[in-house]
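Open the model in your viewer, colour the chain by secondary structure, and follow the stops below in order.

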Amino acid sequence: MKMKNMLKIIVILTVFVFSSCGRSENTDRSSETKAPQVSGVKTEARVKNALAFINGYVENADKMEKAAGITDWVNSNNLSTKRFKKELKRLMDEAYRKGPESGIDADPIFDAQDYPDRGFKLESFDEKTNYMTVSGINWPEFKLTMKIINENGKWLVDGCGMINIPEDKRAKR
């Protein structure tokens, strides 16, 4: 039992160490989380929670050793679906079973080892499929695919990065 817990800690630390290399100081993103007017108020309402989710995740990751673990942060956040949380747990559990050397080699939410440290802004949004692309505020070439759905009257993140995003929809870098 202790070995399994140790492997979990090693995997989480490895992900955060790789994702925080070369980071700059944390900056306030509160004014940058608002969705641009892509096609009106209806779209803004749909993407607002997705931007709050991903930019909140960036803020957590920027805390480095003080950051909450990936699954802990997502589970304590009310901006993602139960399906998203379940798939993240499945991916992380699978990585723990494989061990730190052969598990996930990237942060599953960012689908990368690094990320834009100032957060993300909306790049595009497909109102028919509810897929969106966000790009880094200070790294516009860094793109990330997200998917939102309406669950119990609230727009929530159902896919992001590696989680619940089909391979052909994932952002290319």
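**The whole chain**

Begin with the full chain of this predicted model, in which four helices and four strands can be picked out. Followed from the N terminus, these elements run α-α-α-α-β-β-β-β. With a surface display switched on, about 9,300 Å² is exposed, of which carbon and sulfur atoms supply 53%. Buried residues make up 46% of the 173 residues, and among contacts with a separation of 6 or more, 59% are between residues 24 or more positions apart.

**The sheet**

Next select the four strands, which form an open sheet in the order β1-β2-β3-β4 with antiparallel pairing. At its edges are β1 (120-126) and β4 (154-160), each of which pairs on one side only. Looking across the sheet, you will find that the twist averages 35° from one strand to the next. Add helix α4 (residues 82-98), which packs on the sheet and touches β3 and β4, its direction making about 25° with that of β4.

Now narrow the selection to β2 (residues 131-136) and β3 (residues 143-151), an antiparallel pair joined by five bridges. Within this pair, Thr133 stands opposite Thr145 in β3.

**The nonpolar core**

In soluble globular proteins, nonpolar side chains tend to be buried together. Here the largest nonpolar core has 33 residues, and the members to select are Phe53, Ile54, Ile109, Phe110, Met132 and Met146, which touch the most other members. The elements giving two or more residues to this core are α2 (41-62), α3 (70-76), α4, β1, β2, β3 and β4, with α2 providing the largest share, eight residues.

Centre the view on Phe53 and display what surrounds this residue: leaving aside neighbours within four places in sequence, Phe53 is in contact with Trp73, Val74, Asn77, Leu79, Ser80, Phe84, Ile109, Met146 and Val157.

**Asp107**

For the last stop, select Asp107, in the loop between α4 and β1. Is Asp107 buried or exposed? Asp107 counts as buried because its relative accessibility is 1%, and the cut-off for that class is under 20%. Which partners, then, does the side chain of Asp107 reach? One is the side chain of Tyr57, with which the Asp107 side chain makes a polar contact at 2.6 Å. Another is the backbone nitrogen of Phe110, which the side chain of Asp107 reaches at 3.1 Å; Phe110 has already appeared on this tour, among the core residues that touch the most other members.

Notes. Residues are numbered from 1 along each chain as its sequence is written. This is a predicted model: local features need pLDDT of at least 70, side-chain atom pairs count only at pLDDT 80 or more; totals for chains, interfaces and linings use all residues. Side-chain values use heavy atoms; hydrogens and water are left out. Two strands pair if DSSP finds at least two bridges between them. Axes are lines fitted to C-alpha atoms, for helices over the stretch in contact, and angles run from 0 to 180 degrees between N-to-C directions. Contact means heavy atoms within 4.5 Å. Buried means under 20% relative accessible area, exposed over 50%, partly exposed in between (1.4 Å probe, protein chains only). Accessible areas come from the Shrake-Rupley method with a 1.4 Å probe; for residues, only the protein chains shown count as cover. A polar contact is a pair of N or O atoms within 3.5 Å; within protein, one must be able to donate a hydrogen and the other to accept it, and residues adjacent in sequence count only if both atoms are side-chain atoms. A nonpolar core is a set of buried Ala, Val, Leu, Ile, Met, Phe, Trp, Tyr and Cys residues joined through side-chain atoms within 4.5 Å.
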